[in-house]
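I opened my notebook for a new model today. Here are my entries, in the order in which I looked things up.

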Amino acid sequence: MYLYDLKTADCKDLNKYKIEAEYSMQQQLSENPQILLSSPDLALSPYESIIAFREYPTNRGPIDILYITDNGDIIIVETKLLKNPESHRTVVAQAIDYAKSFTEETVDMIKNKMRKKNLDYSLFDKNISFESILDKNIQY
């Protein structure tokens, strides 16, 4: 498993996590976001709550997992099995494509997509400034 940082174009090997099937990997990562989010390489601010959205729909296809912390941090996760030697290039290109596509989203679009999947979006109601911070981070 690799962690790719779009800001620094750095790729870190997280090979201590071995998961065989892509679907299982998505399930494990969505149910246990700390596997990735505890990585110091992400340099996330401490958070208390997180939204984990599997197969988040965009105009360029679904993002495997979208994490949004209560600080408004946005983490896009694309999973690939390493059976194919081209998977490194593919996953990086796909993540960049999804990040670009995500900048076209709005807070209301995210909330609507969460409603359709019956996901808990109470995080939006807990902090008055959350939506404005998230909106700013979407455009970043």
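**Entry 1: a starting residue**

Is V107 buried or exposed? I looked it up in this predicted model, and V107 is buried, as its relative accessible area is 7%. The cut-off I kept in mind is that buried means under 20%. The residue belongs to helix α4.

Next I asked which residues V107 touches, not counting those up to four places away in sequence. My list reads F124, E131, L134, D135 and I138. I also noted the spacing to F124: V107 and F124 are 17 residues apart in sequence, and their C-alpha atoms are 9.3 Å apart in space.

**Entry 2: the overall layout**

I stepped back to see the whole protein. I found six helices and five strands, and along the sequence they follow the pattern β-β-α-α-β-β-β-α-α-α-α. The protein has 140 residues, of which 34% count as buried. I then took the contacts between residues at least 6 apart in sequence; 54% of them join residues at least 24 apart.

**Entry 3: α4 against α6**

V107 had led me to helix α4, and I wanted to know how α4 and α6 pack. Helix α4 covers residues 107–116 and helix α6 covers residues 130–139; they pack at an angle of about 105°, and their axes are 9 Å apart. I therefore wrote down that α4 is roughly perpendicular to α6, since angles of 65 to 115 degrees fall in that class.

Which residues make this contact? From α4 I listed V107, I110 and K111, and from α6 I listed E131, L134, D135 and I138. Sorted by character, the residues of the contact are four nonpolar and three charged, with no polar ones.

**Entry 4: the cores**

I keep one general point in this notebook: in soluble globular proteins, nonpolar side chains tend to be buried together. With that in mind I went to the largest nonpolar core, which has 16 residues. The members that touch the most other members are Y56, I68, F102, I110, F124 and L134. Where do the residues of this core come from? At least two residues each are supplied by β3 (50–56), β4, α3 (87–102), α4, α5 (123–126) and α6.

I took I110 for a closer look. Leaving out residues up to four places away in sequence, I110 touches Y56, I68, F102, F124, L134 and I138. Another core lies apart from the largest one. This other core has nine residues, including M25, L29, Y67 and V77.

**Entry 5: the rings**

How many aromatic pairs does the structure hold? I noted three. One that I looked up in detail is the pair of F124 and F130, which is edge-to-face, with 5.1 Å centre to centre and 80° between the planes. Both F124 and F130 are buried. I also saw that F53, Y56 and F102 are linked into a cluster by ring pairs.

**Entry 6: T69 and D97**

F130 turned up again when I checked T69, which is found in strand β4 (residues 63–69). The relative accessibility of T69 is 0%, so T69 counts as buried. Apart from neighbours within four places in sequence, T69 is in contact with Y47, S49, I50, I75, L123 and F130.

Then I turned to D97, whose place is in helix α3. D97 has 30% relative accessibility and so counts as partly exposed. I noted I63 as well: D97 and I63 are 34 residues apart along the chain, and their C-alpha atoms are separated by 9.9 Å.

**Entry 7: two positive phi values**

My last check was the backbone. Where does A43 lie? A43 sits in the loop between α2 (34–37) and β3. Its phi is near 50°, which is a positive value in a residue other than glycine. A43 is exposed, with a relative accessible area of 66%.

N118 also went into the notebook, with a phi near 60°, again a positive value in a residue other than glycine. N118 lies in the loop between α4 and α5. At 71% relative accessibility, N118 counts as exposed.

Technical notes: Residues numbered from 1 in each chain as written. Predicted model: local features only at pLDDT ≥ 70, side-chain atom pairs only at ≥ 80, totals over all residues. Heavy atoms only, no water. Axes fitted to C-alpha atoms, helices over the stretch in contact; angles between N-to-C directions. Helix = DSSP H or I, 4+ residues; strand = E, 2+ residues; numbered from the N terminus. Parallel < 35°, antiparallel > 145°, perpendicular 65-115°, else oblique. Contact = heavy atoms within 4.5 Å. Nonpolar A, V, L, I, M, F, W, Y, C, P; charged D, E, K, R; others polar. Buried < 20%, exposed > 50% of the residue type's maximum accessible area, 1.4 Å probe, protein only. Core = buried A, V, L, I, M, F, W, Y, C linked by side-chain atoms within 4.5 Å. Phe/Tyr/Trp six-rings, centres within 6.5 Å; stacked < 30°, edge-to-face > 60°.
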